[in-house]
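Here are a few short exercises to work through at your own pace. Keep the viewer open, try each task, and then compare with the solution.

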Amino acid sequence: MIGILSEMLSYPFLVRALGAGLLVALCASLLGVSLVLKRFSMIGDGLSHVGFGALAIAAAANIAPLYLAIPVCIAASFLLLRMSESTRIKGDAAIAILSAGSLAIGVMVVSMTTGMNTDVYNYMFGSILSLSREDAILSAVLCGAVLVLFVLFYPRLFAVTFDESFARATGIPTRAYNAALATLSSVTVVLGMRLMGALLISSLVIFPVLTAMRVGKRYITVTILSAVVAVVGFILGMIISYVYEAPSGASIVCVNIALFLIFATVGGILNARKKN
Amino acid sequence: MPLITVQNASFRYDGKEVVRDLHFQVERGNYICVVGENGSGKSTLVKGLLGLKTPFSGSIAFSEGLRAREIGYLPQQKDVQRDFPASVMEVVLSGTLNSLGARPFYTRKQRETAQAHLTCVGLDSLKNASFRDLSGGQQQRALLARALAATQKLIILDEPIAGLDPLATSEMYRLIQHVNRDHGVTIIMVSHDPHAAAHEASHILHLENKQLFFGTAAEYRKNEIGKRFLGGEAR
């Protein structure tokens with residue numbers, strides 16, 4: 001396996017994809033802890049579909065894709081947050097409408113302009129070849145921001161995630177934290193889409209934390225374990241994708257499914273033992 | 001000087017009036033129970049006191065030395081994530097956040113505060129256990145410890161005993177009495193059990209989309225509204 005990995009690292013474009021992808025996977029898993037526990041998992045999924053629509057329009061209008069997709073996704077994330085907080089609109093149904101709507105608009109734009117070409121296929125299912133130098137730099141900046149948020153604001157982030165009303169009542173600006181989470185998640189989703197594809201990116205957000213929760217009992221353990229699972233899952237997935245010439249996104253998701261099953265089994269055994 | 005003065009306050013949701021004519025004072029050391037039917041405005045009042053919702057009219061004023069963030073809060077059970085992966089210690093520690101200032105991490109002072117309140121509610125042996133593995137009563141005690149870690153002045157509890165078994169219920173009432181009497185913590189508790197409220201509290205606030213009664217528990221038992229509300233249900 002070390003041999004395959006060093007062979008992969010001899011291609012400069014793969015080094016860039018591995019580096020950028022690893023950072024995005026790490027960000028997604030950390031943000032995922034908060035998003036999943038705050039019951040916002042669907043937002044990640046909704047954002048990826050909005051991202052697809054934005055990318056399709058950017059391609060048709062000949063705008064640099066990131067410059068359109070990132071602002072549109074950030075705007076959409078604020079809208080989705082508002083929807084899930086509001087008691088009037090049914091949040092989950094609203095997200096479903098926004099997802100399907102964006103996907104449909106994206107497909108319409110594509111079919112009326114360039115037609116269903118490889119670019120579109122790549123946005124749907126991901127390709128490591130589509131990662132540009134710009135993407136790599138942005139991934140590093142994003143990762144820095146996420147790590148700063150999670151290290152320096154860890155106790156506050158915990159409070160906002162665990163119980164927002166209590167956090168607000170004790171003077172924590174919960175709206176600002178939600179806005180930061182939404183913004184960082186949007187950038188993560190847009191960057192991750194290039195690698196994982198619109199249809200699979202939300203798995204980077206959701207899988208690692210769910211896997212970590214099978215075993216972890218404390219918040220700090222779940223957070224760290226989630227990051228470790230994401231990194232391991234990403235590297236294994238990329239190796240499988242390289243060896244079997246499979247799409248990178250699907251390979252990573254498959255490894256994550258395997259990791260989830262392993263952790264669920266281990267967690268089940270540990271729990272059963274404790275009860276006896 | 002009263003801790004909190006509520007003057008002619010009313011609250012609205014989406015333009016619809018939920019509760020009005022709120023007019024009462026909370027004195028230091030009071031144990032106030034807020035009673036009334038479902039949807040009578042109890043939880044809305046709690047949100048107003050916590051500063052999560054601003055009154056549509058009237059005012060809620062805090063005395064000097066009690067800022068809004070110095071209120072401990074025990075939310076309604078449906079608002080708490082029962083399956084959250086966190087240790088009991090992590091949950092209680094999060095109550096001390098308002099004393100953290102600009103520091104990014106908990107210091108020894110916060111850990112000692114959290115530890116003291118864990119001991120107070122009798123969860124010392126479970127401090128490293130996962131919150132999601134606790135029983136309903138233990139979870140409520142952990143959240144009470146978190147509220148106490150946030151303040152020693154005033155705690156607001158929203159139906160803290162709903163859904164608890166009789167043993168956990170009496171344990172919870174005993175703990176609330178203990179922090180009120182022995183630690184001098186002012187208590188405002190929303191309750192759906194008027195009998196227990198009239199028995200436990202020093203004062204009763206009865207809401208029915210407006211303030212029907214505010215006074216001592218003894219007065220409430222003699223009052224027409226109190227008699228009707230208490231007498232309507234078998235003890």
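**Exercise 1.** Leaving aside its neighbours within four places in sequence, which residues is Leu144(B) in contact with?

*Solution.* Bear in mind that this is a predicted model. Start at Leu144(B) and skip the neighbours within four places in sequence; the contacts are then Leu74(B), Val121(B), Ile155(B), Leu157(B), Met172(B) and Leu175(B). Next, place Leu144(B) in its wider setting: along with Ile187(B) and Ile204(B), this leucine touches the most other members of the largest nonpolar core, a set of 133 residues. Helix α2 (residues 12-37) of chain A gives the most to this core, contributing 15 residues. From chain B, domain 1 (1-66 + 153-235) and domain 2 (82-152) each provide at least three residues of this core. Finally, look for what lies apart from it: another core has 28 residues, including Val19(B), Ile32(B), Leu45(B) and Ile188(B).

**Exercise 2.** Find helix α8 of chain A; how many of its residues are buried?

*Solution.* Select residues 154-162 of chain A and check each one: 9 of 9 are buried, so by the cut-off each has under 20% relative accessible area. Among them are Tyr154(A), Arg156(A), Phe158(A) and Phe162(A).

**Exercise 3.** Describe how chain A and chain B meet.

*Solution.* First, count the residues: 29 of chain A are in contact with 36 of chain B. Second, take the area. The size of an interface is often given as the accessible area lost when the parts come together. Here the area buried between the two chains is about 2,700 Å², with carbon and sulfur atoms giving 58%. In chain A, the residues that lose the most area to chain B are Phe162(A), Phe166(A) and Lys217(A), together 26% of what that side buries.

Third, turn to the polar side. The rule finds 3 salt bridges across the interface of chain A and chain B. Arg146(B) and Asp163(A) are joined by a salt bridge between their side chains, at 2.7 Å from N to O. Residue pairs in polar contact across this interface number 14. Fourth, ask which helices take part: α7 (133-152), α8, α9 (164-169) and α12 (219-244) of chain A each supply at least two residues of the side that touches chain B. Of that side, α8(A) gives the most, with 7 residues.

**Exercise 4.** Why does Asp119(A) count as partly exposed?

*Solution.* Locate Asp119(A) in helix α6 (residues 118-125) of chain A. Asp119(A) counts as partly exposed because its relative accessibility is 46%, and that class runs between 20% and 50%. To finish, compare positions: Asp119(A) and Tyr154(A) are 35 residues apart in sequence and 39 Å apart in space, C-alpha to C-alpha.

Terms used
Residues are numbered from 1 along each chain as its sequence is written. Chains are lettered from A and ligands numbered from 1 in the order in which they are written. This is a predicted model: local features need pLDDT of at least 70, side-chain atom pairs count only at pLDDT 80 or more; totals for chains, interfaces and linings use all residues. Side-chain values use heavy atoms; hydrogens and water are left out. A nonpolar core is a set of buried Ala, Val, Leu, Ile, Met, Phe, Trp, Tyr and Cys residues joined through side-chain atoms within 4.5 Å. Buried means under 20% relative accessible area, exposed over 50%, partly exposed in between (1.4 Å probe, protein chains only). Helices (H or I, at least four residues) and strands (E, at least two) are DSSP runs, numbered from the N terminus. Domain bounds come from an automatic or database domain assignment. Contact means heavy atoms within 4.5 Å. Buried area is the accessible area (1.4 Å probe) that two parts lose on being put together, summed over both. A salt bridge is a side-chain nitrogen of Lys or Arg within 4 Å of a carboxyl oxygen of Asp or Glu. A polar contact is a pair of N or O atoms within 3.5 Å; within protein, one must be able to donate a hydrogen and the other to accept it, and residues adjacent in sequence count only if both atoms are side-chain atoms.
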